[in-house]
Amino acid sequence: MKFLFIINPISGNEDKSHLLKLVKAKLREKDEIEIFKTSGKNDLKKLKTKLSETKFDRVLVAGGDGTIKLAAEAMGEDSLPIGILPAGSANGLANDLNLPLEPKKFIPIALYGKTRKIDAIHINDQIGLHISDFGLNAELIKEYESSSLRGKLGYALNSISTLFQSKGPYDFKIETKEETFHKKGIMLALANSKKFGTGSVVNPKGKIDDGIFEILLFKKLDLIEILKTLNEGSELSSDFIEYFPVKEATITTKQPVDFQIDGEYCNSLQEVKAKILPKKLEVAVE
Ligand SMILES: Nc1ncnc2c1ncn2[C@@H]1O[C@H](COP(=O)(O)OP(=O)(O)OP(=O)(O)O)[C@@H](O)[C@H]1O
C-alpha cells in the first residue's frame, strides 16, 4: 500500500516525530509512505496538487479535526480511506468515532484497520465533519487562534475572557425545505455527531452516518445544563437547547456573527447554507 501521511506539526502543541517513528516501524515490507507537513499557508492547494500527482491507497492524518477537514476537502470527489492519528488539542471526530487515544492502539487501525463510511456537511464552499457553529463557541475559537497559547489550557484560559465579552444573543432565521422560522440564541450549531471535542454530549441523538445533521440552538448560558452534558445519558432542558434534525438548511443572521467549522474560525458571516453529504468519507475505525 502507498500512504500519504499528513502531519500538522503544531496541532495539540505536541511533537509528532515519535508518531512518525512508530508508523514507520509498523509498515509492512512493500508499503511506501510519503510525508506532507502542513504549513498553515495554502495547504489545501498544495495537498490537492500532491494527491493529483501520485496515486495513494490511504491517507493518514496526524492532527486535530482541522487537519482531517483539510484532507477531506483536498480529496474532493475521489475520496481515499483516512486513518486518523489523533493529535489535536481536542480530537472531536476521533472521540466521536471512539478511536483509542494510545498510539500503539490507533496506529495499527489507521494503517490497516477496517473502515466505516461517515457523513459530512457541505457548508457554503467547505466541508464540516464534526460540529460547526455561529456565536459563542466561534468567538472562543477566534480568540484562541489569535492568541499564542495552544492546547487545552490555552483554550480554557481564552474562554474565560471571551465568555464575558460575547455580543449574543443573536437572531437566527432558519430555512429548511419544509418551513422557515426565527429563533434567538447565544449559539447555533450544525452537528454531524454527538459531542464536542471537550467530551460534552450536546447532541445525544446525533449519529455520524444517519444521513441527517442536527441544528442545535443554545438559548442561554446555563452552568448546570453545561455540566449535565458531561454525562451521556442526561436529558437537557428545552430552555437551554432545542434540536432540529434536517438534511439541508440555510441560516441567516441580522448582523455578521462569528462562525467556525470543526474548530477552524471561518469569519463573521450572515448566511450559511448547509447540506448533508451522506457517507461522504471512509475512515478507519477498528
Ligand atoms: N505549520 C503550521 N504552522 C501554523 N499553523 C498551522 C501549521 N499547520 C497547520 N496549521 C493550522 O492548524 C490548524 C488545524 O489544527 P487542528 O484542528 O488539526 O489541530 P488543533 O486545533 O490542535 O486540534 P483540534 O481541532 O482537535 O482542537 C489550521 O488552522 C491550520 O492552518
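This passage describes the overall fold, the domain arrangement, the ligand surroundings and one strand pair of a predicted model.

The protein comprises 8 helices and 14 strands. Its radius of gyration is 19 Å, close to the 19 Å that the globule rule gives for 286 residues, and the protein is therefore as compact as a globular protein of that length. Along the principal axes, the C-alpha trace extends over about 60 × 40 × 35 Å. Of the 286 residues, 43% are buried. Among contacts with a sequence separation of 6 or more, 73% join residues that are 24 or more positions apart.

The domain assignment divides the protein into domain 1, covering residues 2-113, and domain 2, covering residues 126-278. The centres of the two domains, taken over C-alpha atoms, are separated by 26 Å. Contact between the domains involves 17 residues of domain 1 and 21 residues of domain 2. On the side of domain 1 that touches domain 2, the elements contributing two or more residues are H3 and helix H4 (92-96). The greatest contribution to this side comes from H3, with 6 residues. Classified by residue type, the side of domain 1 that touches domain 2 contains 8 polar, 5 nonpolar and 4 charged residues.

The ligand is surrounded by 21 residues, of which Ser11, Gly40, Gly64, Gly66 and Gly88 are the closest. Polar residues number 16 in this shell, alongside 3 nonpolar and 2 charged residues. Helix H3, spanning residues 65-75, supplies the largest share of the shell, namely 3 residues. Helix H3 thus appears in two settings: it gives residues to the shell around the ligand, and it also gives 6 residues to the side of domain 1 that touches domain 2. Because domain 1 (2-113) and domain 2 (126-278) both give residues to the shell, the ligand lies between them.

A strand pair was also examined. Strand E8 (residues 170-175) pairs with strand E9 (residues 180-185) in the antiparallel sense, over 6 bridges. The two strands are joined by a hairpin of 4 residues. Within this pairing, lysine 173 has histidine 182, in E9, as its bridge partner. In a regular strand, side chains alternate between the two faces of the sheet.

Terms used
Residues are numbered from 1 along each chain as its sequence is written. This is a predicted model: local features need pLDDT of at least 70, side-chain atom pairs count only at pLDDT 80 or more; totals for chains, interfaces and linings use all residues. A residue is near a molecule or strand if its C-beta atom, placed from the backbone, lies within 6 Å of it. Ala, Val, Leu, Ile, Met, Phe, Trp, Tyr, Cys and Pro count as nonpolar, Asp, Glu, Lys and Arg as charged, and the others, Gly among them, as polar. Domain bounds come from an automatic or database domain assignment. Two residues are in contact if their C-beta atoms, placed from the backbone, lie within 7 Å. The radius of gyration is taken over C-alpha atoms; the globule rule is 2.2 Å times the number of residues to the power 0.38. A residue is buried if 20 or more other C-beta atoms lie within 10 Å of its own, exposed if 12 or fewer, and partly exposed in between; C-beta atoms are placed from the backbone. Two strands pair if DSSP finds at least two bridges between them.
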